[in-house]
Each structure stands twice: as structure tokens, then as C-alpha cells.
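Subject: Structure handover and pocket notes

Dear colleague,

I am passing on the structure we spoke of, together with some notes on its pockets. Please look it over before you read on.

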Amino acid sequence: MINLKRYTVLLMMALGQQAAAQTALPEILSIPKEIDPLKVFIENRADELLCKLPMDGTTDGKSLLSQVRTNLQLAEDDGGDLDMKIVATLDCGIYTIHNLIFQSLPGVYVPANLYVPKGKGPFPAILNSHGHWAPGRRSEIVQRTSQLLASNGYVCLSIDAMGSGERGRRHEHEYHGANLGSLLLDLGTPLMGIQLLENRRAIDLLCSLEYVNKEQIGATGASGGGNQTMWLTAMDARIKAAVPVVSVGTFRSYIMNSNCVCELHPHGLLHFEEGQLLQAMAPKAVKIITALKDGNAAFNVHQMLKSYRLAKLAYQQQGVGQRLAYALFDEPHSYTLEMNETMLSWFNKNFKYRRSLPIERNAVNIRDTNQLSVLHHGIEKTKIMTIPAFVNREFKVAEKQRMEMGSQRIEAYQQQLRQLLSSTEADQLLSERMLPGEAGWQRTILETKQGQLIPLLVRKPTGDGDAIRMLFPAQGKQALDRAELDKLLATGGGVAIIDLFGLGERASASAEYIDGALPRFHTISRSALWMGQTMMGIWANEITLVSSYLQQQYPNHKLIVQADRETALAALISSSLSPQSRTLELKHLPISYLPGMTENLENFNMAIHIPGILKWGDIPMLLAISREDVNLDQLLHWSGDSCQERDKRRLLDKVNAYKIKFKTGGTLQIN
């Protein structure tokens, strides 16, 4: 006998699916999901850039390092006062551990542990950088490596990277990537650049110690720490030997793969590959350690060998081929005791140090993390600046400098913004392809010069309708509220619905799988930045192209842009750079790129980030240089909290002051 309850449930599900199919908006591209054209497009673009790089010889190391400083927006550091303070000391028998803080940037203090062998120096010294293991410098892997170095006669310094360990937003360890680390990108110098600056200051600290041999400075670290090791070794002449662990691969393999924003080098693939960066290290002694079972595609042994072989050319050309080597371990992604021993042997050999002595491996005693803390030994939390606090402080300085600079032409701001958004040529429309209509909708494909296919659904205006509403939904067209859409259609005006790059029909299942629990567009945004583009730049350009197309198709109709959240910001950027007599109706626009101190940072996805936007002028400046009429509804803070009336008044006052200064037209209404 049929189970009546089960039959009823199945029938209701079937009817629901049928109803959903009947109310769903028509598809245009209809490309099988397994093909993932967005992934193919991004990877093809990366391969094109790779083909333009000189990969058959040696690179000019000086020019390459100059390009790194430009890409990372690294200011010339003047050293400054380290202001080191030891807050606690642990006697560990044959070595001592000092818990300390030091100043890396003005007013920015770094928690650190300094491991010092007992006996008469001077000793060689190693900077041991941590990867993404909790809790940063005090993790078991970092402790073991540091203790082994100290028990074998090396001074070892381990510091917390910005945003990690005791430098988390609540002074507890958290993942410093995703939107948290990307706040630094919005400020101008990405997390990779900040780490490089602070690691150089860590070397300053080591060189300031009288018991350190300043001619025998090395660096090591695993995963993200290995990545830091590589960049520091290339950029700091004081590093004479290095062992990057489970971190060396190729920059090309970062594209459409899972990596932290601390491993993001904006514009990197436009200028060099990882093997060329390794070339710039010659003649330093570098040993790469790779795990055969590493699950990260970017650190796979095959990727490592590509970079190693390219780097070997420079080493051999300088007659020091033996100073670049690699070791393989049948291990997963880690920094094991056996890897530690290989690292120690490499430093001993190249520093000609303790070569006749066996490696001491029995002195490891993993300490309670509170013992290695600085906050548990009297340092106030306010002394350790977090990423949001740093970003807010630096923004105020930049805003003051901008006001003191005096008047700039609006065209100068627009040109600066274009450079922030993209270092490549803007895409252009090539042709249109009309498809058979469906359910009253006109289906059109707009083909661009770069090979993008923009799907466009249009319901033509009827009766007295004199406007075309262009909808750019942040979640794709199928997520639109059908009741609201029906209201728009009932007015008789025209409606156009567009899925932007990576949204709706153009979404990438591969990228969303890689993103996992991280904010959406973590993978695509980082990939675009490696190739000199931003998601905001791509979206803003597509909004401009579609607007121009529809204006040509309906020259007597008013264009109204409706967008929300991240696409609202892209629409505002389009308006700021390419005014087209449109009206913008933007919902849930962020009021600023400035974050709160401890609030949620995952309300907006990773598409939102623009390198240097905060130093350029933030969202109020975008609103000010727009010459179109802009209506804002339900403004949000970074956290997703609604803005209060006082926030709206401040924004309106600031924008109006800028508009008077620039003599820009257009109105701003905030609901």
C-alpha cells in the first residue's frame, strides 16, 4: 500500500519544482555547469600573461625588486626606534626565551619571542615566520622549530604577523586573511607588504643584538611563513641563507586556487613569475623543502620544480649552482622534525657553523601558549594595534594630507581611480546576438573584446512607460524578489536584467567550491588582482557598457540603474567615471570602507576590495565626483548594521562639501 503521507509530500515537492520552473527568469547562456567558462576565461588570461614573461633566461634582479616595491606600495623605511621591551624571560636550560615587543611602524608594536642560546656569542640568527597555524608564533610547529634552532646554537626570533596571534581583533588568534587582511589592501599596502616591512624590522632587531653575528642572518618558515621567508630573502640583503618550507610553487598556480591574501601580490603576473623572484636571490644559499603529499595545488612538487629550474639558471650563471637546492619529504603540508633537521644542516653548512657537532633534537619542550604571551605578562591590549585600528588611524592621516594638498581637478581623481581599478585596457563591446524571446522577455548576448558574454534580459516598455530600469542584482537574477519585479513590470516601463561577471548565469562553481566557508569571490578577486584587475573595475566597466548599449537601443527613454550591496558600489564607480545621464537607485551600499574595531567583516564579499581606495578618498569621494542623480536606500556599515540618521547627515555634509569644491552636478538623496 502506498504511504499516503509520503505520496503527498512528493506530490507537493513536484508541484513546487514545477511552479519554480514556471516563475524562474529565462536563461540566456545555457552553458553546461561542468564547463565553468569563468574559470576557463581567468586561467586563459593567466596563461596569456605567462607567455609574455621572459622565461628562458635570467631576469634583471634590481628591476624586479623595484617592481615589487611598486606593486606592494612599499615606502622607504627609515628604521626608526625599535623601542624593544622584554616583558618576561623563561630559563629553558641550554637556552633562554624572552617575551618582548618592538616597534615595527610608528606606534605599531609587535609581540615576539626571542630564543637565545646560553654561552658566548656571537651566534648566527634566524627569523622563524609562522604560517596559518593557531596561535601564530606560539603554535607547536613554530615553537619546535625555534627551540631546535636555539638548542643548536642559533638565536631565533618569532613574531606574530599582523592580524594573527595576539594581534587578532580581540587580541586572540584569528585568520588574518579574507576581508580582515584585505582591509590593508584597501589602504594601499597589502598584507604581504606589511609583513615584509615588519619582517625587515625584525631583522633590524636581530642586528641590534650584540650577541648576534650580523654576517650570518637567515630565515625560515612553513606555509605562509615560508612565503614570507621567500619575499624577505629576495628583498633584504642582510639575509644570507634561507629555507622556505611547503610554500614554493608558481604564481600561475595561485590563480583559481586556494591561498591567503597574505600571499597576494597585486599585478604580480604582469611582471614576473616565482622562479624569477628566486633568481633575484642569487647568490644567497636557499634550500626549498616540499612535501609530496601537500594538498595545496600552489605548493605541489611539480609547481616547485618549475620555479626551481628557472632560478637555477641564475645561480649557475653566477657559478654558485650548489647554493640553490631542494629536498622532498613524503609528508603532508607541515614542518616536521625531519624537515627541521634538514633546515639546520643547511644553515650549519652555509654558515660553516657547528658542522662537526651532531644536531641536538631532544631539547624540545612545547610550552603553554600563555607562557609565551606578552599580554599575560603586563602589556596592555591597547599597546598592540589591530588591523582595523591601524587602517582607521592611517586613513585619518591620509585624509588630513589630502585636505592639506589643496584643490585637485576632478579629472585627476578620476584618472587615479581608473589606475586603482585596473592596470589593463578596459573591455569593449563587439557585437550583440539576439536569441528567441521567452516568456515575454527579449534575450540578448553582448560579446566583448576580451571574449566575455554578457547575458541581457529585456522587457520592452509599454504604453506611457518612459524609463528603462537596469537591474544588476548582487546575487544574480534568479535571486530577485519576484513580487518586486512584477511591480516594476506593471508600471509599463522597460526592465533590463543583467548578470555581471561571476554572478548568476556567469558564476563559477569551481571558485565557490574553493571559497568554501570564506567570503564569496575570495578566489576570483585574488586571481583578478594577481593579473592587474579588480572585481569592482570589471563590474563598473560592464555596467557602463550595458548602459551605453541600452541608451542606443532606447534613445528616448530615461535610464535608471538599480543595484544592491557590492553591485551598488560598482554602479557608483561607473557613474563616477562614465556619467551617462542615468539615475542611480542603490540599496545597501556600504557607507565607507572603514571597519569597526571588532565587528563582523563578512557582510560584504571579497569583490568589494580596491587597492588604495581609502587613501584615494573612500566612498564619499565616489559620491562627490558623480554627476548623476543618486538615491541611496538603507545604507550599511561594514558590519551590515544599518546606518543611523547622524551617519547619513555626516555623509551628506561631506559629499556636498566635496561637490562644491569640484563644482559637480547631480543630486544625492539618502533615505
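The notes below describe two pockets and their linings.

This is a predicted model, in which local features need pLDDT of at least 70 and side-chain atom pairs count only at pLDDT 80 or more, while totals for chains, interfaces and linings use all residues. Residues are numbered from 1 along each chain as its sequence is written, and side-chain values use heavy atoms, with hydrogens and water left out.

The largest pocket (an open set of points on a 1 Å grid over the protein atoms alone, where a 1.4 Å probe fits, with protein on both sides within 12 Å along at least five of seven lines) has a volume of about 1100 Å³, the volume being the space filled by probe spheres set on the points. It is lined by 43 residues, of which Gln73, Leu187, Gly188, Thr189 and Lys615 are the closest to its centre; a lining residue has an atom within 4 Å of a point. Helix 11 supplies the largest share of this lining, 7 residues (helices are DSSP runs of H or I with at least four residues, strands runs of E with at least two, numbered from the N terminus).

The second largest pocket has a volume of about 610 Å³, and among its 25 lining residues Leu480, Gln562, Ala563, Asp564 and Lys587 lie closest to the centre. Two or more residues each come from strand 13 (467–472), helix 13 (482–490), strand 15 (558–564), strand 16 (583–587) and strand 17 (629–633), with helix 13 giving the most, 4 residues.

Best regards
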